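Visitor: Could you take me through the surface, the charges and a few backbone details of the model shown here? I would like each answer to end on the value or name I ask for.

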Amino acid sequence: ISSSSSSHLAAATSVSRVIHQITDHTHRAEEETPSLIMSKGTVVLAYSGGLDTSCILVWLKEQGYDVIAYMANIGQQEDFEAAREKAESLGAKKVFIEDLRDEFVEEFIWPTVQASAIYEDRYLLGTSVARPCIARRQIDIARQEGAQYVSHGATGKGNDQIRFELTCYALHPDIKIIAPWRIPEFYTRFRGRTDLMEYAQKHGIPVPVTPRAPWSMDANLMHISYESGILENPKNHAPADLYLMTKNPEDTPTNPDALEIEFKEGVPVKVTNIKDKTSKDTPLDIFSYLNEIGLHDVCLKHIVLFMCVCVCTRICFCLSGIYETPGGTILFQAHLDIEALTMDKEIRRIKQGLSIKFSELLYNGFWYSPECEFVRHCIAKSQEHVEGKVQLTVLKGQVYILGRESPKSLYNEELVR
């Protein structure tokens, strides 16, 4: 593992810095807000184009900052040019729209496939794995533009603030973070969507003209999550028209799709539709195609997760939501199958423990920590012989393994005769 001692020290100290910010945010924000108002600087804002970050952009300008809006394309369905025009009209000094889809798949999704990463046996970590990818480019832009600050629109009660900020501090220890939803001046002024709408109308910020869905959404190439609102009660059923990446089982095709997925060193290198011979062999094309096949309703859906925002004070609660991860679910099943055929039993037992640890580190925002780097290195080593082809079908919410073959198979037919 190659990593400078300074980066390890930064990563090791970043946790306590973020925890201190969150657990003592009221005291610190009250002390710092006046200085933030008086001092000017450049801030790179993680911008979505939505109501919250549009209001944050204008609010930051009110405080005396030059704002650079940064938007990451990680596979979400978005009108990026319209978002660019909106940010410019609101006074952004510059706007960066970065296409991160290729690196998101190769450098972030593929390691989770190798790890068979799944949090609390249910969640395939679609949001968790996107945050370090987004924040890494945000820090790159901050360095490039000489910005002293970065900012985000994550709330003060969830894990996303941790994921963004741990990444920022690990990669740029001297960066300063402005988290508006932890600053009393901001969150007492904007107590809900009504306050944001009034602020937007006052400052000429375009507001949504369609009714707001009674839940929040986060979308990327890996998944779509639906949380809050009516979904906060785990007893409530998901509305039938909610799903975007998949369908209800009764609405899916009645004929299965048959696929062959080829792996090398634990990552897919080719997918072929056995029926129509469609073939994809680049990472982004492979994953995008598997998402299309996932319209058969292949995903893990309504689940409840245990969230711990701050380990030192045990601010913990359960989170209920809907998660569509079609391509990730297909790969999870196929990878488990080829791994069982090619990996030594004792190595696999150790690797299973590492997978649990990796999933926890990723969920809690520690992608760039020394311990997560070490775990990823060990998992990658375990995948050296995970090679071969898996044949499967997908139909009405299920992945059915048909067969598998590998030049490095541990199966010995002579021993079973």
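Visitor: Which residues form the nonpolar patch on the surface, and about how much accessible area do they have together?

Guide: This is a predicted model, in which local features need pLDDT of at least 70 and side-chain atom pairs count only at pLDDT 80 or more, while totals for chains, interfaces and linings use all residues. Residues are numbered from 1 along each chain as its sequence is written, and side-chain values use heavy atoms, with hydrogens and water left out. A patch is built from residues with over 30% relative accessible area and no salt bridge, nonpolar side chains (Val, Leu, Ile, Met, Phe, Trp, Tyr) being joined within 5 Å and like charges within 9 Å, and the areas come from the Shrake-Rupley method with a 1.4 Å probe, only the protein chains shown counting as cover for residues. Here the patch consists of Tyr 411, Leu 415 and Val 416, with a joint accessible area of about 380 Å².

Visitor: Where is Val 416 found, and is Val 416 buried or exposed?

Guide: Helices (H or I, at least four residues) and strands (E, at least two) are DSSP runs numbered from the N terminus, and Val 416 is found in the segment after E14. The classes are buried for under 20% relative accessible area, exposed for over 50% and partly exposed in between, with a 1.4 Å probe and protein chains only. Because the relative accessible area of Val 416 is 56%, this residue is exposed.

Visitor: What separates the C-alpha atoms of Pro 407 and Lys 389?

Guide: Pro 407 is found in the segment after strand E14 (398-405), and with a relative accessible area of 65% Pro 407 is exposed. Along the chain Pro 407 and Lys 389 are 18 residues apart, and the separation of their C-alpha atoms is 9.5 Å.

Visitor: Which residues gather in the patch of negative charge?

Guide: Lys and Arg count as positive and Asp and Glu as negative, without His and the chain ends, and the place of a charge is taken as NZ of Lys, CZ of Arg, CG of Asp or CD of Glu. One member, Glu 85, has its place in helix H4 (residues 80-89) and counts as exposed at 52% relative accessibility. The residues that gather in this surface patch are Glu 78, Asp 79, Glu 85 and Glu 88.

Visitor: Which residue meets Arg 84 in a salt bridge?

Guide: A salt bridge is a side-chain nitrogen of Lys or Arg within 4 Å of a carboxyl oxygen of Asp or Glu, and the structure holds 19 of them. Arg 84 counts as partly exposed at 23% relative accessibility, and its partner, which lies 3 residues apart from Arg 84, about one turn of the helix, is also in helix H4. The N to O distance is 3.4 Å, and the partner is Glu 81.

Visitor: How many residues apart in sequence are the parts that Glu 103 and Arg 137 tie together?

Guide: Glu 103, which is buried with a relative accessible area of 16%, belongs to a network of salt bridges that also links Glu 98, Glu 107, Arg 136, Arg 137 and Asp 140. The side chains of Glu 103 and Arg 137 meet in a salt bridge at 2.9 Å, N to O. Since Glu 103 lies in helix H5 (residues 101-115) and Arg 137 in helix H6 (residues 126-145), the pair ties together parts whose separation in sequence is 34 residues.

Visitor: Which residue forms a salt bridge with Lys 381?

Guide: Lys 381 is found in helix H13 and counts as exposed at 52% relative accessibility. The partner is partly exposed, with a relative accessible area of 34%. The closest N and O atoms of the pair are 3.1 Å apart, and the partner is Glu 384.

Visitor: Which backbone oxygen does the side chain of Ser 369 reach?

Guide: Ser 369 is found in the loop between helix H12 (345-363) and helix H13 (370-382), and at 4% relative accessibility Ser 369 counts as buried. At 2.8 Å, its side chain reaches the backbone oxygen of Phe 366.

Visitor: What is the phi of Leu 125?

Guide: Leu 125 lies in the loop between H5 and H6 and is buried, with a relative accessible area of 0%. Asp 121 is found in the loop between H5 and H6, is exposed at 66%, and has a positive phi of about 65° although it is not a glycine. For Leu 125, a residue other than glycine, phi is also positive, near 70°.

How values were computed
Polar contact = N/O pair within 3.5 Å; in protein donor to acceptor, adjacent residues only side chain to side chain.
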